[in-house]
Amino acid sequence: MDVLEKLNNIFGEDFVSNRPEELYVYSRDMTENPPSTPDYVVMPESVEQVQEVVKLANQLKIPITPYVAGSNVGGLTIPYEHGIVLDFKRMKKVIEIDRENMYIVVEPGFTFGHLRKLLDEELTEFEYSFPFAPPYSSVTANALLHGLGSLSHKYGSMNEYINGLEVVLATGELLRVGSCAISPFWNMRSPLPDLMGLFIGFQGTTGIVTKCGVSLWPKPPFQAHCMIFSTDPADIYHSLIFKLCRSQICQEIGGGLLNTAIAEGILPMEKLEGLISMMGFTPKYEGLYFANLCTLWGCSQDALRAKYKFLVKLVNETNDKEDANLVLLRPEEYGEMGKEMMTPINLPVQIPGLLKEGGLTWVGSYVPLSRWLEGCLRGIEIHKKYDRVPGVLHRPMKYGHYGVQRFLIPFNKSSEQDIQDVTAMCKELVEMILDIGGMPYKMPNWVAKIMMDRADPHFFQLLKTIKHTLDPNGILNPGKLGID
Ligand SMILES: Cc1cc2nc3c(=O)[nH]c(=O)nc-3n(C[C@H](O)[C@H](O)[C@H](O)COP(=O)(O)OP(=O)(O)OC[C@H]3O[C@@H](n4cnc5c(N)ncnc54)[C@H](O)[C@@H]3O)c2cc1C
C-alpha cells in the first residue's frame, strides 16, 4: 500500500489531498519566507486519527507540519522538508467549560472567532485576551506561540494562560501535562515540575497538541476605552508609560506609531489626523501619529471615575512638565469614529487593508520597556534607509515588566526587488532588537539562527537535546527554530 492509500484509510478520501492546487495553499504564507510544497495535506477529526498519522510518519520518516490558519507571519507552517501538513480546522470543539474554576478546554482548530461567539453568547461573565490577529486564527496556536492580546498588559503573554495540554508525541503516544495529568481539572500548572515548557514556543517541533486548557478571566463590570494621541512617541515613552503601568489603572495599554495606510481598518486614522491638525499639532515624523489605547477597569462607576481622574492628571502633568502634545479622548468623545475605534478591541478584521499588495511581514519582539523608545527611533532610521514608512506597534506587558515592539511591514509580494529589500530590512531590525536586549517572537527559522548564534551555547545545546529526544527521527515540523 502506498502512502496515499494509507492516509485515505485513516482519514477517508475527502480529507486527504495531494492535488497541486490544494497543496499550493499550504506551500506559502503572506511573508517573504520562501515557499515549499508539502506532498500531502490531511484534515483530522479525532485524536486517534492524529495518533495514527504520526505513527505512520514516524515509521516511514515523513515530516509532519501542524497547521491551523497559517497566520503566524513567520513562515512557521511552510513545510520546508515537504511531507504531510496536518490541517486542524475540523478539530474545533470545546471539550469542557468550567465556570467555577474559570477555564475552557479546546481543540487546536478552535479560533478567536469561535471564542468571541462563545464569550458573547454563553460565557458573558468572562473575557480572554484577543490579539490583533484575524478571527480565523487558532487560540491554541496563539498561546503556544507566546501570543499577545488585549489582556496582556495585565496578565502577560498568552502562554501564561495555558493550564494543561494533551499532546501526541512523535511515537504516537498520548501525553498530558499540567494538573490534568493527575487531576480531572485543567486549572493549574503549579505545583508539578512545569513540563508545559517542552511544548510552548517549540512551534510544533516536539509534539502535536490535541487539547489545550486555558484560563478565562472575570470581566470587570465597568470598563472605559480611552485613547491618548501624540505626535511624538517620546511624549509617551519618556515617563508617562512607566507611571501608567505602575498605577495599574489600565487592563489594556497598546497601540502604536501608525500611518494612514497601515492603520486602515484598525483605526479611523484620517479622521484622527484631522482632529490632531485642528489642534495645531504637527507630527514629529511625517504622516505618523502615536495612537495609544488605555482601557480603564473597575468594580464600580466610582472606581472607574477615580481612575479616569488619575489618567487625566497624568496626561496633563506630562503636557505641562515635559512640553508634550498629548490628546486624551474619552469614549463619549469618539463621536462618529466610535465604531471603528472599537474594532481592534472587539474582533480585529484589519487584514484586507494590510494585505493590499499581497505581502505582509513583521519583526515582532518583546523588549525591555526601558529600551522601547530607543528601539522605535532606531527602527524608524532603518525604515528610512529602505525608503519605507514605519508602523511600530507597542504594548507594555504584565504592567510593564517587558513590552511589545512590532514593526509591521506590508510589501508587494509580486516584486522580487521588494522581497529582497524587505528581507534585508527585517534582518537589520532583528539585529537592532537583539542589540537593545529584546527578543523577536514567533521567530522564523532564519531569525532563530541569528538568535542561537548569540545564545548561551549550553542553552542551545539543551534545546537541541530536548528536540532530538522527543523527536529522534526529526519528523515534527523540521527546519524550524534554528535546529537542523
Ligand atoms: C494582521 C495580523 C495581526 C496579528 N496580530 C497578532 C497579535 O496581535 N498578537 C498575536 O499574538 N498574534 C498576532 N498575529 C499572529 C497570529 O495570527 C497568531 O499567532 C495566531 O494565533 C496563530 O494561529 P494560526 O491558526 O494562524 O496558527 P498557524 O500559523 O497555523 O500555526 C502557528 C504555529 O503553531 C504550530 N501549530 C499549529 N497547530 C499546532 C498543534 N496542534 N500542535 C502543535 N503546534 C501547532 C504550527 O506548526 C506553527 O508553528 C497576527 C497575524 C496577522 C496576520
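**Entry 1: strand 13 and its partners**

I began with strand 13 (residues 250–258), where nine of the nine residues are buried, so this strand is largely enclosed by the rest of the structure. I remind myself here that I am reading a predicted model.

Next I looked up which strands pair with strand 13, and I found that eight bridges join it to strand 14, the two running antiparallel. To fix one position in my mind, I followed Cys 250 across to strand 14, where its bridge partner is Leu 296. I then turned to strand 17 (residues 392–397), which is joined to strand 13 by three bridges and also runs antiparallel to it. The position I noted for this pair is Gly 256, whose bridge partner in strand 17 is Leu 393.

**Entry 2: strand 12**

Is strand 12 enclosed or open to the outside? I counted through residues 222–230 and noted that seven of the nine are buried, so strand 12 is largely enclosed by the rest of the structure.

Strand 14 (residues 289–298) came up again here, because I found it paired with strand 12 in the antiparallel sense over nine bridges. Within that pair, I saw His 225 standing opposite Thr 295 of strand 14. Strand 12 also pairs with strand 15 (residues 327–329), again in the antiparallel sense, over three bridges, and there I marked Ile 228, which stands opposite Leu 328. As a general reminder, I wrote down that side chains in a regular strand alternate between the two faces of the sheet.

**Entry 3: an open sheet of five strands**

I then looked at an open sheet made of five strands, which I wrote down in the order 5-6-10-8-9, with antiparallel pairing. Which strands stand at the edges? They are strand 5 (94–98) and strand 9 (174–178), and each has a single partner strand, so one side of each is left without a neighbour in the sheet. I also noted the twist, which averages 10° from one strand to the next.

Inside this sheet I checked the pair of strand 6 (residues 103–106) and strand 10 (residues 208–215), which run antiparallel and are joined by four bridges. Here Val 106 stands opposite Cys 212 of strand 10.

**Entry 4: the ligand and its shell**

I counted 37 residues around the ligand, and those that come nearest are Pro 66, Val 68, Ser 71, Asn 72 and Lys 442. I then listed some distances to oxygen atoms of the ligand: a polar backbone atom of Val 68 is 2.8 Å from one, a backbone N or O atom of Ala 69 lies 3.1 Å from one, and a backbone N or O atom of Gly 70 lies 2.9 Å from one. On its own the ligand has 980 Å² of accessible area, and the protein covers 99% of it.

Which elements give two or more residues to the shell around the ligand? I found strand 3 (64–67), helix 5, strand 10, helix 13 (351–354) and strand 16 (358–367), and helix 5 gives the most, with three residues.

**Entry 5: Ser 137**

I finished with Ser 137, which lies in the loop between strand 7 (126–127) and helix 5 (139–144). Its relative accessibility is 6%, so I count Ser 137 as buried. Its side chain reaches the backbone oxygen of Pro 134 at 2.8 Å. Leaving aside neighbours within four places in sequence, I found Ser 137 in contact with Ala 69, Ser 71, Thr 111 and Phe 112.

Technical notes
Residues numbered from 1 in each chain as written. Predicted model: local features only at pLDDT ≥ 70, side-chain atom pairs only at ≥ 80, totals over all residues. Heavy atoms only, no water. Buried < 20%, exposed > 50% of the residue type's maximum accessible area, 1.4 Å probe, protein only. Polar contact = N/O pair within 3.5 Å; in protein donor to acceptor, adjacent residues only side chain to side chain. Contact = heavy atoms within 4.5 Å. Pairing = 2+ DSSP bridges. Axes fitted to C-alpha atoms, helices over the stretch in contact; angles between N-to-C directions. Near = heavy atom within 4 Å. Areas by Shrake-Rupley, 256 points an atom, 1.4 Å probe, with all protein chains shown as cover.
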